[in-house]
Amino acid sequence: MASGGMQLLGFSLAFLGFVGLIISATMTEWKMSSYAGDNIITAQAMYEGLWQSCVYQSTGQLQCKVYDSLLQLPLEVQAARGFILSGILLCGIAILVASVGMKCTKCMEDNVDLKNKVAVAGGVVFIIAGVFAFVATIWYGDNIRRKFFDPFTPTNGRYEFGKALYIGWGACALTVIGGSLLCCNCGQNSSGATPARYPAPRPKQPSQPGYV
């Protein structure tokens, strides 16, 4: 029963990470304009994401523009798109695989060993998906950090980490932790106890004539 509870906890955490990755990928606030400096104009705030950029005016007006060309995008944006979409796709596959192998489902009940292996395979796919999303967010965040501390970057052109990056990092952690919990059930049987072994009965000796 404890093994089934660990599977359910791991699946729940990984599913929350899957939802978080979708939210992070669709958000615009991957990076936001920095106000570190003396001559910074605070009348507007600029946000950039993977799909569009937005300008928020102090009057409350928000204007967004979708990126026109894919080939003109910076390398970190193209890489982040590819890695995080791959992570989301792998999470979807892992959800289907892990659902078949979990103890709380009725699929493959007649073969417990194979059912456990399927659950472990779902956990491994969850971990790979989390690593893919980690690459996307860390690469994008490291590019923001390097440009922020670059002395040749103008003060008004510096950006800081946006909300989407923090949500993405948390979602990646949940996905990896949840997949690891699913993998912890490798090699466990359904009951959690080893079957008892009894000694084989000794054969009876045939009776000899003339003896009582």
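Helix H4 takes in residues 163-183, 21 of them, and its end C-alpha atoms sit 31 Å apart. That is close to the 30 Å expected at 1.5 Å a residue, the expected span being 1.5 Å times one less than the number of residues. Helices here are DSSP runs of H or I with at least four residues, strands are E runs of at least two, and both are numbered from the N terminus. Bear in mind that this is a predicted model, where local features need pLDDT of at least 70, side-chain atom pairs count only at pLDDT 80 or more, and totals for chains, interfaces and linings use all residues. Residues are numbered from 1 along each chain as its sequence is written, and side-chain values use heavy atoms, with hydrogens and water left out.

Which residues of H4 are buried? The list is Ala164, Leu165, Gly168, Ala171, Cys172, Thr175, Gly178, Gly179, Leu181 and Leu182. Buried means under 20% relative accessible area, exposed means over 50%, and partly exposed is in between, using a 1.4 Å probe and protein chains only. As for the spacing in such a list, an α-helix has 3.6 residues a turn, so residues three or four places apart point the same way.

Now look at what H4 packs into. The largest nonpolar core has 30 residues; a core of this kind is a set of buried Ala, Val, Leu, Ile, Met, Phe, Trp, Tyr and Cys residues joined through side-chain atoms within 4.5 Å. Helix H1 (2-26), helix H2 (75-101), helix H3 (112-148) and H4 each supply at least two of its residues, and H2 gives the most, with eight. The residues with the most contacts inside the core are Leu21, Trp30, Leu50, Phe126 and Tyr140. Take Phe126: setting aside neighbours within four places in sequence, it is in contact (heavy atoms within 4.5 Å) with Phe11, Ala14, Cys91, Ala94, Ile95, Ala98, Thr175, Gly179 and Leu182.

Cys91 brings us to the cysteines. Its relative accessible area is 0%, which makes it buried, but its sulfur is 8.6 Å from the closest cysteine sulfur, in Cys172, too far for a bond. Cys184 is in no disulfide either, with the nearest cysteine sulfur, in Cys183, 7.3 Å away; at 43% relative accessibility, Cys184 is partly exposed.

So where is the one disulfide? Cys54 and Cys64 form it, with sulfur atoms 2.0 Å apart, inside the 2.5 Å limit that defines such a pair of cysteine sulfurs. Cys54 lies in strand E3 (residues 52-57) and Cys64 in strand E4 (residues 62-66), so the bond ties together parts ten residues apart in sequence. The torsion about the S-S bond is about 110°, so the disulfide is right-handed. Cys54 is buried at 5%, whereas Cys64 is partly exposed at 42%.

Back to the helices: an unreviewed UniProt entry annotates residues 79-98, 118-141 and 161-184 as "transmembrane region". Over residues 79-98 the model is 100% helix and 0% strand, with end C-alpha atoms 28 Å apart. Residues 161-184 are 88% helix and 4% strand, with their ends 34 Å apart.

Stepping back, the chain has four helices and five strands, in the order α-β-β-β-β-α-α-β-α. Of its 212 residues, 34% count as buried.

Conventions:
UniProt positions renumbered as here; feature names shortened; annotations may be inferred.
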